Amino acid sequence: MDVDECLRTSSEAERDEVKKRGCLRRFGFLFLLLSLLFLLTQAPFILRRYQLASLRDSIEALKPQRAANPDEDYRDYKGVIHVHSMLGGHSTGNLEDIFKAARANELDFVVMTEHSERFTNTSEATIRGTHDGTLFVGGNELSNGHGDRLLVIPGTNDSTGTTSTAEYIERQKASGKLVFIAYPHEFQSWSAGGYDGLEIYNIYTNAKRINAPLMFFDGLWSYGSYADLLFARFYERPAENLKRWDKLTSSNDTRRINAIAGNDAHANIGVALRTDSGDQVFGFQLDPYERMFRILRNHVVLEKNQPLTQDSLLEALRAGHSYFSFDLFSDATGFLFTAEDTDEKRIMGDELKLDGEVRLKVYTPLRSHIKLFRNGEVARQAHATAAHEFVVRERGVYRVEIYLPQLEMIKDKPWIVSNPIYVR
Ligand SMILES: [Zn+2]
């Protein structure tokens, strides 16, 4: 190799080296830029994680503030309504998981509402009877194929077939069943009467409105520590159903229509990131039974000495001696809505004749914001109190919604929704 050739080769090597360094610098810069962009897009979710932490702390701070209900005439039993297992298809949950979830939540009752199957009576095959202190009732969720869906409790082998919804309800009521309209926003046969009530709130219906990308990143940052509280991210007051219910109750002088809330637990709602071949890269389940049973409950109120049995539970639900509450934010046990005049005392679900004035009393286990509704409109309010008496002198359908302004994130969403007292 001569000198010229040698010089040429070394300068080529230097040029390559310089090129390489330039490339590396560009890659480094791109990486930094992308990391910065990622951090910028994730900042809101880090903040949202912090908000859930502060919600958790506020919930914890409420625990020692609970007040006992001074009214000792009644006892409160908590449970869940509208639960599916794998028996009726499109659920993967087994009965053992449901039993364990009920025990973990110390529930007094669980009302199963299995989908019907052609060759099995699913309401008989499901978990029933009292097991370790929880009463299980076997019911069904039935559909007539035209958008009408009913919860029939206890369940039945009598299929809807081609019967009209009105006729079908009548038949179930005649055989002593409870009938609730599930998914009222899809229900068509409003001319039908005789049903016991409406499912005013349903977790599954609410979850269908989840913004999936938002929930995905919320999950990425918060699922590990605050899986339960992610519910607060999508919980919405069921305004449309409440309006529908208020309209039905206040436009009728004789009918009483009760509200229940459905957990609609299937153990099948989740958010996941998958590859083209369907393998899950990252994901999480939003609705294991134990969590679903913690979020939302129906409470029934029985006279103090009356034990909880299938009959007394169904009778309380029929009479509307019940309310529903988002117990995830604080157990509502002890809430009570009563009405008294000079010689009678009644509770939510009951009727009272107006004779001068009626004293409507509200007890809540925590200092709350109480909204008293009359015929669907907020008539009166009380702030920061655990007990309040509203004296009313007008006929109407009165119900209360209870709010917890101490919990910033859900301060505009009800914690408790009571059944009405009908002042006729
Ligand atoms: Zn269902």
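**Helix α10, overall dimensions and two partly exposed residues**

In helix α10, which comprises residues 310–319, the buried residues are Leu313, Leu314, Ala316 and Leu317. Viewed down the axis of α10, these buried residues fall within an arc of 155 degrees, and they therefore line one face of the helix. Gly320 follows α10 and has a positive phi, near 75 degrees. The model under analysis is a predicted one.

At the level of the whole protein chain, 10 helices and 20 strands are present. The radius of gyration of the chain is 28 Å, whereas a compact globule of 424 residues would have a value near 22 Å. The C-alpha trace spans about 120 × 55 × 40 Å along its principal axes. Of the 424 residues in the protein chain, 40% are buried. Among contacts with a separation of 6 or more, 68% are made by residues 24 or more positions apart.

Two residues were examined individually with respect to their surroundings. Arg367 is located in strand β16, which covers residues 358–374. This residue has 17 C-beta neighbours inside 10 Å and is therefore classed as partly exposed, because burial requires 20 or more such neighbours and exposure 12 or fewer. When residues up to four places away in sequence are not counted, Arg367 touches Gln65, Ala384, Thr385 and Ala386. A further relation links Arg367 to Ile402: the two are 35 residues apart along the chain, and their C-alpha atoms are separated by 9.7 Å.

Leu229, by contrast with a strand position, is placed in the loop between α6 (212–226) and α7 (231–234). With 19 C-beta neighbours inside 10 Å, Leu229 also counts as partly exposed, since the threshold for a buried residue is 20 or more. Outside its neighbours within four places in sequence, Leu229 is in contact with Leu52, Leu55 and Arg56. The C-alpha atoms of Leu229 and Ile295 are separated by 8.8 Å, although these residues lie 66 residues apart along the chain.

Key
Residues are numbered from 1 along each chain as its sequence is written. This is a predicted model: local features need pLDDT of at least 70, side-chain atom pairs count only at pLDDT 80 or more; totals for chains, interfaces and linings use all residues. Helices (H or I, at least four residues) and strands (E, at least two) are DSSP runs, numbered from the N terminus. The radius of gyration is taken over C-alpha atoms; the globule rule is 2.2 Å times the number of residues to the power 0.38. Two residues are in contact if their C-beta atoms, placed from the backbone, lie within 7 Å. The arc is that of the directions from the helix axis to the C-beta atoms.
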